[in-house]
Amino acid sequence: MREHGGVRFGLILLLVVVLAGLAGVGFWWWMERNREYLLRLQLKPGDTLRYAYQMNMSAQGQTMQISLIVSQKVLKVKKDGSIVIQNRMESGTLTMGGVSTALPQQPPQTETLRPTGRRVNSGRVASPLMEFVETSYPEQPIKIGSVWSERQKAPDGSTVEAEYRVEGRERVRKRDTLRLAVTVRDVSNPAAPIVVLSGHQWVDISTGIPLRVEGQIHQVRLPFGGTMSMEGNVKVHLLSP
């Protein structure tokens, strides 16, 4: 009888330990789901970010690959927190039909960003690709499950909308990041929005800097208006620092 009582007590104790462990896991999961993050670009003058871009596209039987190395140097941080950045293409290659050609060098471009990542300058041409790879954080704190969007309207009347959703927290290159699902739509015709790009950004929680971007290309906008179906992907990753 004592042996059976001991076994029964041991099983009860084991059950208590398991339930306590499950309660701890549940509490941790709840805390993670409800933890808030205020994403802001944390940069100082002289900081230089170097990114590698890789794009592969296919349409109407033609394939094309574009490789770029782009640097972003912080020239100034203003009193209001806005950041003046100089963008420069260090190198670029276009490959079509197995033939690679170096892309011509372009003069550096200077732009001003708010701490949320949004551009201060308005009226630029709405670019689905730029909306996909750039950051744009809301003013308020976010948590897992948060959703927000931003629209960019061009002088020609075309409008691009980027929607962001926080999916989770991950370690990337020994840094804590938030994984954001990003969908870019052409909403020039509100009655018939078109998904142009979709994928993910991995953003450093402490600095607000994107460490990695990966996505699929579904449509490409044509210079004379409208879109064309296209299969492809785009990958961007931070080289330094």
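What follows is a walk through this structure, from the overall fold to a few individual residues. Keep in mind that this is a predicted model.

Let's begin with the fold. The protein chain carries two helices and eleven strands, and along the sequence they come in the order α-β-β-β-β-β-α-β-β-β-β-β-β. So one helix opens the pattern, five strands come next, then the other helix, and six strands finish it off. The chain has 241 residues, and 38% of them are buried. How much of the contact map is long-range? If you take contacts with a separation of 6 or more, 50% of them join residues 24 or more positions apart.

Now for the inside. In soluble globular proteins, nonpolar side chains tend to be buried together. Here the largest nonpolar core has 46 residues, and Tyr 53, Phe 132, Leu 178 and Leu 180 are the ones with the most contacts inside it. The element that gives the most to this core is E1, with six residues. Leu 178 is a good place to see who meets whom. Leaving aside residues up to four places away in sequence, Leu 178 touches Tyr 37, Leu 39, Ile 142, Val 166, Gly 168, Arg 169, Gln 201, Trp 202, Val 203 and Ile 205.

Next, the empty space. Rolling a probe the size of a water molecule over the atoms shows where empty space is left. The largest pocket comes out at about 920 Å³. It is lined by 35 residues, and those closest to its centre are Tyr 53, Val 70, Gln 72, Asn 87 and Met 130. Which elements give two or more residues to that lining? They are strands E1 (48–59), E2 (62–77), E3 (83–96), E5 (109–113) and E10 (210–221), along with helix H2 (128–133). Sorted by class, the lining has 22 nonpolar, eight polar and five charged residues. Tyr 53 turns up twice in this tour: it is among the residues with the most contacts inside the largest nonpolar core, and it is also among those closest to the centre of the largest pocket.

Follow the chain past H2 and you reach the loop that runs on to strand E6 (147–153), where Thr 135 is found. Is Thr 135 buried or exposed? It counts as buried, because its relative accessibility is 10% and the cut-off is under 20%. Its contacts, not counting residues up to four places away in sequence, are with Leu 41, Thr 116, Gly 117, Arg 118, Gln 201, Gly 208 and Pro 210. Pro 210 is 75 residues from Thr 135 along the chain, yet their C-alpha atoms are separated by 7.2 Å. Ser 146 sits in the loop between H2 and E6 as well, and at 17% relative accessibility it also counts as buried. With the same sequence neighbours set aside, Ser 146 touches Tyr 164, Arg 165 and Val 166.

On to the charges: the structure holds 16 salt bridges. One of them pairs the side chains of Asp 47 and Lys 44, at 3.2 Å from N to O. The partners sit in contrasting surroundings: Asp 47 is buried, with a relative accessible area of 19%, while Lys 44 counts as exposed at 52%. Both values are just on their side of the cut-offs, since buried means under 20% and exposed means over 50%.

Another salt bridge joins Glu 167 and Arg 179, with the closest N and O atoms 2.9 Å apart. This pair ties strand E7 (residues 159–172), home of Glu 167, to strand E8 (residues 175–186), home of Arg 179, across twelve residues. Arg 179 also forms a salt bridge with Glu 170, and there the closest N and O atoms are 2.4 Å apart. Both acids are partly exposed, Glu 167 at 24% and Glu 170 at 27%. Add Arg 165, and you have a network of salt bridges linking Arg 165, Glu 167, Glu 170 and Arg 179.

Last stop: the loop between E7 and E8, which holds Arg 173 and Lys 174. Most residues other than glycine have a negative phi, and most peptide bonds are trans. Arg 173, however, has a positive phi of about 50°, and Lys 174 has one of about 65°. Arg 173 is partly exposed, with a relative accessible area of 43%, whereas Lys 174 counts as exposed at 75%.

Definitions and conventions: Residues numbered from 1 in each chain as written. Predicted model: local features only at pLDDT ≥ 70, side-chain atom pairs only at ≥ 80, totals over all residues. Heavy atoms only, no water. 1 Å grid on protein atoms, 1.4 Å probe; cavity = no way out; pocket = protein on both sides within 12 Å on 5 of 7 lines; lining within 4 Å. Points joined across faces, edges and corners; volume = space filled by probe spheres on them. Helix = DSSP H or I, 4+ residues; strand = E, 2+ residues; numbered from the N terminus. Nonpolar A, V, L, I, M, F, W, Y, C, P; charged D, E, K, R; others polar. Buried < 20%, exposed > 50% of the residue type's maximum accessible area, 1.4 Å probe, protein only. Contact = heavy atoms within 4.5 Å. Core = buried A, V, L, I, M, F, W, Y, C linked by side-chain atoms within 4.5 Å. Salt bridge = Lys/Arg side-chain N within 4 Å of Asp/Glu carboxyl O.
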